[in-house]
Amino acid sequence: QVPLVEFGGGLVQPGGSLRLSCAASGSIFSVSTMGWYRQAPGKERELVATVTTDRRTNYADSLKGRFTISRDNARNTVYLQMNSLKPEDTAVYYCNLRTRLMYDYWGQGTQVTVSS
């Protein structure tokens, strides 16, 4: 088991910003790809961003330029900085750890609501 604990969700106005954090326990964090996914009501879970062990990043095309993923291996933490938020960003956001054997661990999910 690899516990993943998320922080930082909440209510924000359109155009605002939030930073999500996900703290992992265990030694495999530093050798695993980390990611963020989200799921809106009535939709399937979708990729937001990933970051590899050497800090290569990948983003959903629609989110490039607004969202930034980063990691701090010393703190076993991955972050998602979300700027210029839109109502369509409203979703439950999930932290993901993918091992070298392609096994996924998931955080508990944190609600992000963008509304005026």
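This is a short viewer tour of one protein, going from the whole chain down to single residues.

**Before you click**

The model is predicted, so to speak by its own rules: local features need pLDDT of at least 70, side-chain atom pairs count only at pLDDT 80 or more, and totals for chains, interfaces and linings use all residues. Residues are numbered from 1 along each chain as its sequence is written, and side-chain values use heavy atoms, with hydrogens and water left out.

**Stop 1: the whole chain**

Show the cartoon and colour by secondary structure. You get 11 strands and zero helices, where helices (H or I, at least four residues) and strands (E, at least two) are DSSP runs numbered from the N terminus. Walking along the sequence gives β-β-β-β-β-β-β-β-β-β-β.

Switch to the C-alpha trace and turn it around: along its principal axes it spans about 40 × 25 × 25 Å. The radius of gyration is 13 Å, in agreement with the value near 13 Å for a compact globule of 116 residues. That radius is taken over C-alpha atoms, and the globule rule is 2.2 Å times the number of residues to the power 0.38.

Now put a surface on. About 6,300 Å² is exposed, with carbon and sulfur atoms supplying 48% of it; the area comes from the Shrake-Rupley method with a 1.4 Å probe, and for residues only the protein chains shown count as cover. Buried residues make up 43% of the 116. Here buried means under 20% relative accessible area, exposed over 50%, and partly exposed in between (1.4 Å probe, protein chains only).

Among contacts with a separation of 6 or more, 53% come from residues 24 or more positions apart. Contact means heavy atoms within 4.5 Å.

**Stop 2: the disulfide**

Select Cys22 and Cys95 and show sticks. Their sulfur atoms sit 2.1 Å apart and form a disulfide, a term that stands for a pair of cysteine sulfur atoms within 2.5 Å. The link of Cys22 and Cys95 is left-handed, with -85 degrees about the S-S bond. It joins distant parts of the chain: Cys22 belongs to strand β3 (residues 18–24) and Cys95 to strand β9, 73 residues apart. A search of the whole structure finds one disulfide. Cys22 counts as buried because its relative accessibility is 0%, and Cys95 is buried at 0% as well.

**Stop 3: Leu20 and Met34**

Stay in strand β3 and pick Leu20. Leu20 has 0% relative accessibility, so it counts as buried. Expand the selection and you'll find, beyond four places in sequence, Phe7, Gly8, Gly9, Trp36, Val78, Tyr79, Leu80, Met82, Tyr93, Thr110 and Val112 touching Leu20. To try the distance tool, go from Leu20 to Gly10: 9.6 Å between C-alpha atoms, at 10 residues apart in sequence.

Next, jump to Met34 in strand β4 (residues 33–39). Met34 is buried too, at 0% relative accessibility. Which residues touch Met34, not counting those up to four places away in sequence? Among them are Leu4, Phe29, Ile69, Val78 and Cys95, the last of which you met in the disulfide.

**Stop 4: a buried aspartate**

Select Asp89, in the loop between β8 (77–82) and β9 (91–98). Is Asp89 buried or exposed? It counts as buried, with a relative accessibility of 1%. Leaving out residues up to four places away, Asp89 touches Arg38, Leu63, Arg66, Phe67, Ser84, Val112 and Val114.

**Stop 5: two positive phi values**

Most residues other than glycine have a negative phi. Two spots to check on your Ramachandran plot follow.

- Arg55 has a phi near 70 degrees and lies in the loop between β5 (46–51) and β6 (57–59).
- Met102 has a positive phi of about 70 degrees and is found in the loop between β9 and β10 (104–106). Met102 is exposed, with a relative accessible area of 55%.

**Stop 6: back to the start of the chain**

Finish on Pro3, in the segment before β1 (4–7). Pro3 is partly exposed, at 42% relative accessible area. Apart from neighbours within four places in sequence, Pro3 is in contact with Ala23, Ala24 and Ser25. For a last distance, go from Pro3 to Tyr105: the two are 102 residues apart in sequence, yet 8.0 Å apart in space, C-alpha to C-alpha.
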